[in-house]
Amino acid sequence: MPSNPIRVNNNVEWVNHHFNIKVPIAKRLRVHNENPTRATMSGMRATAARLQGIIADALAAGVQIRACGSRWSFSDIPVVKNGWVIETANLDWTFKVGVNDVDLASGTSADDLYLAQCGTNISKINERLETKTRRRALRTSGASNGQTIAGAIGTGVHGSAIDVGAMESQVAGIQILTATQNLWIEPARAPVMTANFAAKLGATLVRDDAKFDAAIVSLGALGIVHAVMLRSTGRYLLNSSLLHIPYGQLQTALNTLDFRGSGLPDQTRRPYFFQVILDPAKMDIGYTTVRYKELCPPGYKPDYDLKSEAEPGTDLPRLIASAIKMFPDLRNTATSLLIQAELKVRSDRPHEWRLPGETYSFTSAREGIASSGFAVPVAQVTNAIDIMRGAFQVHKNAPVVFTCRYAQKSPGILSFNRYDPSCVIDIDGIDTPATRKLITLAGQRLEAAGMPFTQHWGKMHDLTKARVRRGFGGSVDRWNQVRKLLLPDAAERDAFSSPFLDNVGLNA
Ligand SMILES: Cc1cc2nc3c(=O)[nH]c(=O)nc-3n(C[C@H](O)[C@H](O)[C@H](O)COP(=O)(O)OP(=O)(O)OC[C@H]3O[C@@H](n4cnc5c(N)ncnc54)[C@H](O)[C@@H]3O)c2cc1C
């Protein structure tokens with residue numbers, strides 16, 4: 001048992017996982033469960049009460065307050081200058097669901113459901129779901145699995161499971177805490193848990209489509225997310241290949257997700273996962289990762305070998321970043337070096353099928369990395385790439401690649417994967433002034449060309465009120481209206497906001 005379940009540091013600098021956001025804050029509060037090794041519902045109630053106490057204290061002190069998870073966002077979305085930041089990453093209890101806690105009328109099996117406390121990271125959820133006895137899995141996740149569940153849905157994290165939405169699409173219910181309310185929110189269109197279950201969490205059951213759709217991608221602005229009910233699926237195995245395919249041959253697949261003639265290894269099956277990386281300086285090859293899915297034999301025993309800080313190559317981008325800052329003309333050599341190191345042609349052998357939790361690993365921090373994500377409608381992918389490539393011609397020294405990944409339209413009012421389906425084109429690479437300028441110019445050029453697009457809330461962006469309105473339209477007003485219902489007190493709405501949220505019109 002920790003001596004004090006809330007560890008406080010006053011007047012410290014808050015730093016994110018990639019060290020690109022550094023913000024002075026008045027209080028850093030690291031919250032633990034009272035008895036971390038023993039997950040209980042009474043412990044959940046005690047932690048919820050403690051979190052509500054912190055919110056009440058912040059309101060009394062007149063400071064802004066944000067919850068954060070693994071601090072994996074590249075943007076400043078989890079933090080507020082001079083405010084209080086509650087770190088929830090140590091709140092990592094998970095619970096299987098009792099049959100009597102599921103609403104009979106929902107037709108949902110208790111085995112499908114899994115309750116995760118906010119700070120449980122995705123790799124832990126995988127490991128706990130994918131056991132030989134439980135034999136369940138997540139339908140999708142991000143490319144790496146160090147995000148917490150609340151943080152991942154907080155910005156609408158997506159992977160590249162082409163027929164699945166972003167992570168919020170597998171949420172069945174969510175617990176939100178404010179200073180005075182402890183709510184268990186489910187959509188009225190798909191109720192799942194009983195009022196008695198909500199009461200075990202100390203929460204009141206709310207069945208409301210709009211509140212649920214607002215809460216599943218909340219940007220930390222609706223209170224503290226304390227627990228999330230996930231809908232799991234049966235275990236499955238993935239087989240991955242990385243191929244170098246001519247860009248011209250990939251264009252139909254990129255714009256339609258129809259893979260006929262695309263050069264993928266198995267034309268008879270729809271892939272589970274499809275990702276194409278392009279070097280904007282040399283668009284001849286699409287570095288294509290494809291994953292096919294198979295049922296998992298019941299006896300399969302996972303063997304997790306997730307990457308660690310000691311992984312070779314971890315420091316490569318940082319070293320290259322330093323070199324490029326000194327010699328900007330090194331861009332092409334550096335990018336090609338990185339591509340050679342990271343994107344070699346490879347293919348899993350038949351016995352190398354793996355569970356999602358074995359496939360998506362835990363990535364260690366890489367200082368000096370930049371990442372941004374632009375979501376566009378699938379039919380617009382190569383048009384958007386052309387526009388972004390035009391921006392690259394202006395900033396040819398930017399050591400970046402473009403990465404195309406797909407997700408189905410996702411249910412949150414503020415889900416940035418809002419197209420049916422969406423392709424998220426990331427500009428990822430080494431963080432240099434040219435990279436930052438390219439990300440900015442790409443957004444401006446997409447806007448000028450009238451391209452529909454949104455941006456990843458948790459990556460580098462230049463979001464303004466006009467751009468958020470342009471991307472989300474009336475959803476901005478809908479979300480603000482629901483926010484007023486969930487947080488009726490204006491002072492509490494201000495407390496859970498930030499200059500960024502104010503500026504983009506999400507505290508109206
Ligand atoms: C190596 C790496 C790989 C990545 N891969 C992907 C990817 O494949 N796909 C993708 O979409 N993104 C990806 N990202 C971006 C990242 O996953 C997202 O920004 C994600 O939101 C971070 O989750 P987190 O737990 O670190 O939350 P944080 O970054 O700490 O917070 C994110 C948001 O969630 C809110 N939040 C966190 N916890 C709570 C809580 N308990 N209650 C209320 N609000 C809360 C915060 O206020 C904030 O608004 C990647 C980032 C890194 C560093």
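## Pairing in the eight-stranded sheet

Two strands count as paired here if DSSP finds at least two bridges between them. Keep that in mind as you look around this predicted model, starting with strands β14 and β18. β14 covers residues 273–279 and β18 covers residues 400–407; the two run antiparallel, with 4 bridges joining them. To find a spot where they face each other, look for Ile-277, which stands opposite Thr-403 in β18.

A helix sits against this sheet too. Helix α8, residues 331–342, packs on the sheet and touches β13, β14, β15, β18 and β19. Its direction makes about 45° with that of β18.

Now zoom out to the whole sheet. It's an open one with 8 strands and antiparallel pairing, and the order goes β16-β13-β15-β14-β18-β19-β17-β20. Which strands stand at the edges? They are β16 (346–347) and β20 (454–455), and because each has a single partner strand, one side of each is left without a neighbour in the sheet.

## The four-stranded sheet

There's another open sheet to find, with 4 strands in the order β1-β2-β4-β3 and mixed pairing. Here β1 and β3 stand at the edges with a single partner strand each, so each has one side without a neighbour in the sheet. On average, and ignoring direction, neighbouring strands of this sheet are turned by 30° against each other.

Strand β1 runs antiparallel to β2 (residues 22–31), and 9 bridges join the two. One place to see them face to face is Glu-13, which stands opposite Pro-24 in β2. Helix α1 (residues 41–61) packs on this sheet, touching β1, β2, β3 and β4. What angle does the direction of α1 make with that of β4? About 170°.

## Around the ligand

The ligand has 36 residues surrounding it, and the closest are Ala-67, Trp-72, Ser-73, Ala-143 and Thr-155. Three parts of the chain that each supply at least two residues of this shell are β3 (65–68), α3 (149–155) and β11 (224–231). The largest share comes from α3, with 5 residues. Sorted by class, the shell holds 14 nonpolar, 18 polar and 4 charged residues.

Some backbone atoms come up close to ligand oxygens. For Ala-67, a backbone N or O atom lies 2.6 Å from an oxygen atom of the ligand. Ala-143 also has a backbone N or O atom at 2.6 Å from a ligand oxygen, and a polar backbone atom of Leu-219 is 3.2 Å from an oxygen atom of the ligand. How much of the ligand does the protein bury? Taken alone, the ligand exposes 970 Å², and the protein buries 97% of that.

## Two backbone details

Before you go, take a look at a couple of spots along the backbone. The peptide bond from Asp-420 to Pro-421 is cis, with omega near 0°. You'll find Pro-421 in the loop between β18 and β19.

The other spot is Asn-11, in strand β1 (residues 6–15). Its phi is near 45°, which is a positive value in a residue other than glycine.

Methods
Residues are numbered from 1 along each chain as its sequence is written. This is a predicted model: local features need pLDDT of at least 70, side-chain atom pairs count only at pLDDT 80 or more; totals for chains, interfaces and linings use all residues. Side-chain values use heavy atoms; hydrogens and water are left out. Contact means heavy atoms within 4.5 Å. Axes are lines fitted to C-alpha atoms, for helices over the stretch in contact, and angles run from 0 to 180 degrees between N-to-C directions. A residue is near a molecule or strand if one of its heavy atoms lies within 4 Å of it. A polar contact is a pair of N or O atoms within 3.5 Å; within protein, one must be able to donate a hydrogen and the other to accept it, and residues adjacent in sequence count only if both atoms are side-chain atoms. Accessible areas come from the Shrake-Rupley method with a 1.4 Å probe; for residues, only the protein chains shown count as cover. Ala, Val, Leu, Ile, Met, Phe, Trp, Tyr, Cys and Pro count as nonpolar, Asp, Glu, Lys and Arg as charged, and the others, Gly among them, as polar.
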